[in-house]
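Here's a quick tour of a protein model, built up one residue and one helix pair at a time. Keep the structure open and follow along as we go.

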Amino acid sequence: MNPIDFFVETLRTYPPVAVFLALGIGFLIGPIKIAGFNLGNVTATLLAGVVIGQLGIQVSGDLKSTLFLIFLFAVGYGVGPQFVRGLSTDGPKQILFALSVLVLCLIVPYLCALVAGLPLGYGAGMYAGSQTISAAIGVASDQINAMGMTPEQAKTYTDQIPIAYAVTYIWGTIGSAIILAQLGPRLLGIDLPAACREYEAKLGGGTVSTEPGITRAYHDFGLRAYRIDEASGLTGTPVRNLLPGIRVFVERLRRGTQIIEADGNTVLQPGDIVAFSGRRALLVEHLDSKLVEVEDKELLNAEAEILDVYVTNKALAGRTLADVSNEDWARGVYARKIVRSLVEIPVLPGTTVERGDIVTIGGAKRHVEAAIKALGFADRPVETTDIAFLGWGLFAGAMVGALTLTIGGIPIGLSTSGGALLAGLVLGWLRSTYPAFGTIPAPALWLMNTLGLNIFIAVVGIGAGPGFVAGLQEVGISLLIWGIVATSVPMIASVLIGHYVFRFHPAILFGACAGVRTTTAALGMIQEAAKSKVPALGYGMPYAIGNTLLTIFGLVIVIMLAPSGGP
């Protein structure tokens, strides 16, 4: 047997090997940028699967369904706290804005499909691709399979979905980024970097880094030792009153041969050697001119701790960091990073804290431990996932999703995939409220998200491969044009609605628009154009609502486009 025959026969005999090949190719070429854009891992994996599928490989649908359920549960678990908060009384403007745009994200692709005369599968695929919601592929496929069609007809429609998705997804991603980062500010006559600088100043901050995850040096915190003398003006009064309004703290001091752990009531004496903590810039500005810095390794060798904390305290929701920092338990504790709905937001005095946020705090261990009790629950590094929680959650969600109601001859229900998403939302929210159970470490959640979705996508591509080229020839150019319309109209409308109707500040407007469409790629380009991370402040709640409803709309679009009179 020659090498090519061996290769083909191996893939046909062992289909999982073909799936891993698609993953390897997809994740290899997906990140490659051309003119600043890339296919992304999902689209690249789909196309790799389509190419491999030309070999006539049959992959079990059970593998696809199982991984997709895990993916949807992980999505719900990750955004659950923000989604539930979005349904409450918090942020009504962002909720109404998100719902207004999401209606357009459903109606515009539906009308495009009707005008273009697209069959059900192509219409559903165009919706998923133009709105860049990969999860809708699985939800739409499940609904088609539940509608009582003949197996041949159902397969025809489900095979059409990835074709339309692949054709429309690229502009869905690139077009959304261009509209929000480039066209939108020009359309409204907005200088986006200036607007972000203004908003940062309003929140009490300086310039925020242009690169997500990168922090300027003045954000660094330090512990430095100084000798106290009579002329310093820092003796004879409790240390909490030494530098009012400045977050510089006395951590511990050496008095003679004794090292003393300080609190707010400690009074300094001449001759004390004192360890001060705070931002390096503040230490330099307020202490270097008054005191002599000394080297005292034993004094400075205090136990420190940096860890993530899950915010669950209702009393903190909606309060700014500046306000929270005045609490007694916040003494000597510094916020280094805040992640909301899987996206890092800037740490500024005016940034609000919300339940479900993951805040990275640092400081002396005794201060950090006190802050944990006030904030919520320490998300300490762990290696194990609560599999019982995951298994029972998926089982319960799938059982609820399997319930159907027949209306007009069309079975309507969440489907097992919708049930898995719902279970993830509910349990993710419960985890943020009662975090003693249901542990899923961040790396495990990332793996569930990434591997679950992309194995599903690889299987879809391999299954659709044989008919992909013919389908693309049948509707390619028309589908591409209508996909551009389906992407662009809701995005342009979102900018206008957010600015003129809901009157969002320009600094967060475009982040909110990206959040509704769950397009992180567009958020990155917006931040680059804005030279600031501030747009991420508008991303969280719209993202949580959009990620959920856009997925469910994959079911709705199938019902709307179903042939009249039922299957």
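Let's start with T45, which touches A22, L23, G26, F27, N454, I457 and A458, leaving aside residues up to four places away in sequence. Keep in mind that this is a predicted model. T45 sits in helix α3, and that helix leads us to its partner α2, then to two more helix pairs and a handful of loop residues.

**T45 and its surroundings**

- Is T45 buried or exposed? T45 is buried, because its relative accessible area is 0%, and buried means under 20%.
- Along the chain, T45 and I492 are 447 residues apart, while in space their C-alpha atoms are 29 Å apart.

**Helices α2 and α3**

- Helix α3 covers residues 41–53, and it packs against α2 at an angle of about 135°, with the two axes 7 Å apart.
- What do we call that arrangement? α2 and α3 are oblique to each other, because an angle of about 135° is neither over 145 degrees, which would be roughly antiparallel, nor in the 65 to 115 range for roughly perpendicular.
- The way α2 and α3 cross is right-handed.
- On the α2 side, the residues that meet α3 are A18, L21, A22, L23, I25, G26, F27 and I29. On the α3 side, they are N41, A44, T45, A48, G49 and I52, so you'll spot our friend T45 in there.
- Sort the residues of this contact by type and you get 10 nonpolar, 4 polar and no charged.

**A closer look at I25**

- I25 belongs to helix α2, which runs over residues 15–29.
- Not counting residues up to four places away in sequence, I25 touches A48 and I52.
- How much of I25 is accessible? Its relative accessible area is 33%, so I25 is partly exposed.
- I25 and Q473 are 448 residues apart along the chain, and their C-alpha atoms are separated by 24 Å.

**Helices α5 and α6**

- Helix α5 (residues 92–116) packs with helix α6 (residues 120–130) at an angle of about 140°, and their axes are 9 Å apart.
- That angle means α5 and α6 are oblique to each other.
- α5 passes α6 in a right-handed crossing.
- Which residues make the contact? From α5 they are C105, L106, P109, C112 and A113, and from α6 they are G123, M126, Y127 and S130.
- By type, the residues of this contact come out as 7 nonpolar, 2 polar and no charged.

**Helices α9 and α17**

- Helix α9 (residues 192–202) and α17 have axes that come within 7 Å and cross at roughly 110°.
- With that crossing angle, α9 is roughly perpendicular to α17.
- L192, A195, C196 and Y199 of α9 make the contact with P506, A507, I508 and F510 of α17.
- What types of residue are these? They divide into 8 nonpolar, no polar and no charged.

**T351 and S325, two loop residues**

- T351 is in the loop between β8 (343–345) and β9 (358–364).
- T351 is buried, because its relative accessible area is 1%.
- The T351 side chain reaches the backbone oxygen of P346 at 3.0 Å.
- Setting aside residues up to four places away in sequence, T351 touches L203, R319, T320, L321, I338, I345, P346 and L537.
- S325 has its place in the loop between α12 (321–324) and β7 (333–340).
- A polar atom of the S325 side chain lies 2.7 Å from the backbone oxygen of A322.
- S325 also touches R247 and A330, again not counting residues up to four places away in sequence.

**Two residues with a positive phi**

- R503 isn't a glycine, yet it has a positive phi of about 55°.
- You'll find R503 in the loop between α16 (442–501) and α17 (506–516).
- R503 is exposed, because its relative accessible area is 63%.
- K531 isn't a glycine either, and it has a positive phi of about 55°.
- Look for K531 in the loop between α18 (520–530) and α19 (540–561).

Definitions and conventions: Residues are numbered from 1 along each chain as its sequence is written. This is a predicted model: local features need pLDDT of at least 70, side-chain atom pairs count only at pLDDT 80 or more; totals for chains, interfaces and linings use all residues. Side-chain values use heavy atoms; hydrogens and water are left out. Axes are lines fitted to C-alpha atoms, for helices over the stretch in contact, and angles run from 0 to 180 degrees between N-to-C directions. Helices (H or I, at least four residues) and strands (E, at least two) are DSSP runs, numbered from the N terminus. Angles under 35 degrees count as roughly parallel, over 145 as roughly antiparallel, 65 to 115 as roughly perpendicular and the rest as oblique. A crossing is left-handed if the near helix is turned anticlockwise from the far one by less than a right angle, and right-handed if clockwise. Contact means heavy atoms within 4.5 Å. Ala, Val, Leu, Ile, Met, Phe, Trp, Tyr, Cys and Pro count as nonpolar, Asp, Glu, Lys and Arg as charged, and the others, Gly among them, as polar. Buried means under 20% relative accessible area, exposed over 50%, partly exposed in between (1.4 Å probe, protein chains only). A polar contact is a pair of N or O atoms within 3.5 Å; within protein, one must be able to donate a hydrogen and the other to accept it, and residues adjacent in sequence count only if both atoms are side-chain atoms.
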